[in-house]
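Work through the exercises below with the sequence and the structure side by side, trying each task before reading its solution.

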Amino acid sequence: LLLAIQVRLVMKAHSFIRENVPRVLALVKDKSGTAHIPRISQYLYFLFAPTLIYRDNYPRNPTIRWGYVATKFAQVLGSLFYAYYIFVRLCIPQFRNSSQETFNLRGLVLCIFNSILPGVLILFLVFFAFLHCWLNAFAEMLRFADRMFYK
């Protein structure tokens, strides 16, 4: 989790630098005009906005739909509880007795194959919880209007 957050912040810093360095270099070449340097508030908004491409201004909604935000956070919690349930009921029992038995390749392969479907379900639930629900909830709280930004 910490590594994912650090990668996201590095990607955002790269985008911020890539968008603003040409402005500063053009200002240094001209020496005549003034360049628009982003404010701290613009950078902080970009850090929390669900996008990796820096712009000075993003389309914004006029209001925040708090019911939508609550629904998305409830879906995150529901997805995490369901993933926990799948893990406890389907994955853990496969490996519970493996520490008491002698190692054999057949038992290991059976444990792994019996855990593939629950593992894929958990992966889908985590992707749904984070990429759809969590990011849409934060987009709504930040009034980020462009939900089809990458389309």
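A residue counts as buried when its relative accessible area is under 20%, as exposed when that area is over 50%, and as partly exposed in between. The model used throughout these exercises is a predicted one.

**Exercise 1.** Find which residues of helix α2 are buried, and state what the buried residues of α2 pack against.

*Solution.* Begin with the extent of the helix, since α2 covers residues 40-48. Applying the cut-off for burial to this stretch, one finds that Gln42, Tyr45, Phe46 and Leu47 are buried. The next step is to look for the partner of these side chains, and the buried residues of α2 turn out to pack against α1, which covers residues 2-30.

**Exercise 2.** Determine how many aromatic pairs the whole structure holds, and describe the pair formed by Phe46 and Tyr54.

*Solution.* A search of the whole structure gives eight aromatic pairs. In the pair of Phe46 and Tyr54, the ring centres are 5.2 Å apart and the planes stand at 85 degrees to each other. Planes over 60 degrees apart count as edge-to-face, so the arrangement of Phe46 and Tyr54 is edge-to-face. As to their surroundings, Phe46 and Tyr54 are both buried. Finally, widening the view, Phe46 and Tyr54 belong to one aromatic cluster together with Phe16 and Tyr43.

**Exercise 3.** Describe how helix α3 and helix α4 are placed relative to each other, and sort the residues of their contact by character.

*Solution.* Helix α3 spans residues 66-96 and helix α4 spans residues 105-141; their axes come within 9 Å and cross at roughly 165 degrees. Because angles over 145 degrees count as roughly antiparallel, α3 is roughly antiparallel to α4. The handedness can then be added, for α3 passes α4 in a left-handed crossing. Sorting the residues of this contact gives 25 nonpolar, seven polar and two charged.

**Exercise 4.** Follow Phe73 and Tyr85 in helix α3, and work out whether each is buried, partly exposed or exposed.

*Solution.* Phe73 lies in helix α3 and has a relative accessible area of 25%, so this residue is partly exposed. Leaving aside residues up to four places away in sequence, Phe73 touches Trp134, Ala137, Phe138 and Met141. The C-alpha atoms of Phe73 and Ala129, which are 56 residues apart along the chain, are separated by 8.7 Å. Tyr85 is likewise found in helix α3, and with a relative accessible area of 46% Tyr85 is partly exposed. The C-alpha atoms of Tyr85 and Ile122 are 9.6 Å apart, while 37 residues separate them along the chain.

**Exercise 5.** Locate Arg143 and state what is notable about its phi angle.

*Solution.* Arg143 is found in the segment after α4, where at 26% relative accessibility this residue counts as partly exposed. Most residues other than glycine have a negative phi. Against that background, Arg143 has a positive phi of about 60 degrees although it is not a glycine.

Terms used
Residues numbered from 1 in each chain as written. Predicted model: local features only at pLDDT ≥ 70, side-chain atom pairs only at ≥ 80, totals over all residues. Heavy atoms only, no water. Axes fitted to C-alpha atoms, helices over the stretch in contact; angles between N-to-C directions. Helix = DSSP H or I, 4+ residues; strand = E, 2+ residues; numbered from the N terminus. Parallel < 35°, antiparallel > 145°, perpendicular 65-115°, else oblique. Left-handed = near helix turned anticlockwise from the far one by under 90°. Nonpolar A, V, L, I, M, F, W, Y, C, P; charged D, E, K, R; others polar. Buried < 20%, exposed > 50% of the residue type's maximum accessible area, 1.4 Å probe, protein only. Contact = heavy atoms within 4.5 Å. Phe/Tyr/Trp six-rings, centres within 6.5 Å; stacked < 30°, edge-to-face > 60°.
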